[in-house]
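Subject: Structure handover

Hello,

Here is the structure I promised to pass on. Please open it first, then read my notes below.

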Amino acid sequence: MVTTIRLRPETKSRLDDIKTHPPRLGQNGTKVLYRIKDNHIVNNLRSENSAVLFMVQKDGFKPYHQGQTFLLPLSLEEFVPPNHSARIISAVVDKLDLTNLYNMYNTTVGQNAFDPQMLVKVLFYSTFEGIFSSREIENKLHTDTAYMYLAAMQKPTYRTISRFRTRFFDELVSLFEQIVMICQELGLVGLNHIAFDGSKVKANASPKKSMTKGELKRRIKKLLETAKMVDEEEDELFGTGSPFTIPEECADDPDLMKKIEELVSAYNRLVESGEKRINLTDEDANLMICKKSCLAAYNVQTAVDDKANLIVAVDLTTEETDYHQLIPMVEQVVKNTSSAPAVISADPGYATFDNYAFLKENGLYSLIPDSRHFVDTYGRPKYYPKSLFRYDPENDWYTCPAGRIMKFVGTQKNRKKQQLRLYRGNCAWCPLHLSCTTSSQRTITRHPQEGLKDEMRARLATPFGQKEYAKRITVAEAPFGNMKWNKRWTHISHRGKRKAKGECILHAIGHNLGVICRRVSVEQVQNLKSVKFLRILPRHQVNEGSSSSVFSCEGWYRRHLGGTHAESEHLRIRFGAQGWGGGVA
Ligand code: SF4
């Protein structure tokens, strides 16, 4: 078989030279590898009437010839090594249910579109690699064999990639849930300990563009004054001449008027929303304190499983604090995993009585210290902390460090209009007075749900509670470290909460794909059933020893807490036959 290569014009002229003066074999320590025939390179050395083309191999070196062609066409399978991350990510995407994505296309008109499955693979792989720029992705599609393998040598432009990414942001919630499901099937989710955390990520907006109503009013007023001044200057310059004598562009400053219109519209939106501030660049971004500086940012929430540091729930909010994020996040964990976690931990930013009550009602074993817990437990406060005053629920009184009784004396409303109960005792001639209070009498306040806090503190004081809570920081912070430091996700590129949330979920998917790539092989993923089948089957049983994740949680409690923990009973009752997620019994 003879393989030919068509020559470029410049090569042809060189060939003519070589044909006229063919170099001898072995000249300059080189070997003849190719001959030509009728201006075509022929790799059949035995062909007749051929001339020497040029020398490509030097003595002592391997042949190097950039113009070389392959005898047989290359297969895409040869582009990446056997267990490469691109293969694993490709196998994961093959298992996903992309029906909703396909339904977004109108296939009856226009040109054929790029297959969304291919675009999803490329986007997931680029996020896994820490590449977010659509232009860089397009470049990779031309230069990186892993991208070529995933795209099957197709070359969508950066505009196509960017538009697709923006369009499919809404579908990412479902894709994230499916990937968590796949991770469960792969045994990467233990649900023994879920740690919750939040981190602020800078928005694509300047904090200087965040304004209150007053600031907006002042800015509008200033611009109107400028406009007025410009008008007066123009009047002075052109007099009161007719419009025919004054150029039209001088009669009005379009840029100035545009700015004023934008500010007025932002002011109206701020009044309608009832918020305190609005950012003119990204209306949804909120001013937040990040590392001692004030930034326009979003608050990213994650729930991380301790088995493989996998993100099992993710969300993005414009609220600066985490107080109201725990309940929706716990619900999302249960929805995504169809099971209740055995232990929940979070930092004091999540400590509210409402959260404590919710966790108790649902029988979830939680470790969330209140904001004063560490100061009271490990600090050296100047005066006796409240934790040293023992409450007696039967008699409704406190016993102070001096052993005196402090009785209920009245109520008082706090800032949230909640009634606090006040307790005082007889502090006269107390030897501990100077260490207890600066006033004549110490007063202890008690919230109606203070018992929940006492229970939490008691739980955190147990050896098991301390051991589990010590895990929190390494479990919860690891994904943020990976996304922000390793993958260089320093800020959100898109504007608006919808797109920012999509970007955030995409990064969480990138992190989870990294976990999958590190821990499982291509064959393991390929051997899984597709998500369409997984959805109709009972979920993978994450905890050992039972056919139900609920009862297995109970078993887990028994093993770790000696069968004495009352919350295992709460779990059984709450999640038994009709539990919100654990109903596979
Ligand atoms: S000052 Fe009052 S509350 Fe404090 S230790 Fe003495 S008696 Fe008890």
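Which residues touch the most other members of the largest nonpolar core? They are Val92, Phe196 and Ile516, and the core holds 98 residues. Before the rest, one caution: this is a predicted model.

**Overall**

The chain has 585 residues, and 33% of them are buried. It contains 22 helices and 19 strands. Look at the contacts with a separation of 6 or more: 67% of them join residues 24 or more positions apart.

**The cores**

Back to the largest nonpolar core, with its 98 residues. Helix α18 (residues 497–519) gives the largest share, 10 residues. Domain 2 (76–185) and domain 4 (281–476) each supply at least three residues to this core. In soluble globular proteins, nonpolar side chains tend to be buried together.

Phe196 is a good place to start. Leaving out residues up to four places away in sequence, Phe196 touches Ala303, Leu326, Met329, Ile344, Ala346, Tyr350 and Ala476. Another core lies apart from the largest one. This other core has 5 residues, including Met211, Leu216, Leu263 and Ile278.

Next, Ile179. This residue sits in helix α8 (residues 172–185). Is Ile179 buried or exposed? Ile179 counts as buried, because it has 25 C-beta neighbours inside 10 Å, and 20 is enough for that label. Beyond its neighbours within four places in sequence, Ile179 is in contact with Val92, Ile509 and Asn512. Val92 is also one of the three residues that touch the most other members of the largest core. Val93 is worth a look too. Ile179 and Val93 are 86 residues apart along the chain, yet their C-alpha atoms are separated by 8.7 Å.

**The strands from β16 to β19**

Now follow the antiparallel pairings along the chain. β16 (397–399) comes up against β17 (residues 405–413). These two strands run antiparallel and are joined by 3 bridges. Trp397 has Lys407 of β17 as its bridge partner. The two strands form a hairpin with 5 residues between them. In that turn, Gly403 has a positive phi of about 85°.

β17 then pairs with β18 (residues 419–425), again antiparallel, through 7 bridges. Two of the partnerships are easy to find. Phe408 is bridged to Tyr423 in β18. Thr411 is bridged to Arg421 in β18. This hairpin also has 5 residues between its strands, and Lys417 takes a positive phi near 65°.

β18 goes on to pair with β19 (residues 443–446). The sense is antiparallel, over 4 bridges. Here Arg424 has Thr443 of β19 as its bridge partner.

**The ligand**

Which residues surround the ligand? The shell consists of Cys400, Pro401, Ala402, Arg404, Gly425, Cys427, Cys430, Leu432, His433, Cys436, Thr437 and Arg442. By type, the shell divides into 7 nonpolar, 3 polar and 2 charged residues. Compare this list with the strands above. Gly425 is in the shell, and β18 spans residues 419–425. 

**Three loop residues**

Asn309 is found in the loop between β11 (293–305) and β12 (310–317). Asn309 is not a glycine, but its phi is positive, at about 55°. Asn309 is buried, because 21 other C-beta atoms lie within 10 Å.

Asp396 is in the loop between β15 (390–392) and β16 (397–399). Phi of Asp396 is near 55°, a positive value in a residue other than glycine. Why does Asp396 count as exposed? It has 12 C-beta neighbours inside 10 Å, and 12 or fewer means exposed.

Asn362 is in the loop between α13 (353–361) and β14 (365–367). With 21 other C-beta atoms within 10 Å, Asn362 is buried. Asn362 is 22 residues from Ala340 in sequence, and their C-alpha atoms are 9.5 Å apart.

**Where to look**

For a quick tour, begin at Phe196 in the largest core. Then go to Ile179 in helix α8. Finish with the residues around the ligand, Cys400 and His433 among them.

Best wishes

Conventions
Residues numbered from 1 in each chain as written. Predicted model: local features only at pLDDT ≥ 70, side-chain atom pairs only at ≥ 80, totals over all residues. Contact = placed C-beta atoms within 7 Å. Core = buried A, V, L, I, M, F, W, Y, C linked by C-beta atoms within 7 Å. Domains from an automatic or database assignment. Pairing = 2+ DSSP bridges. Near = placed C-beta within 6 Å. Nonpolar A, V, L, I, M, F, W, Y, C, P; charged D, E, K, R; others polar.
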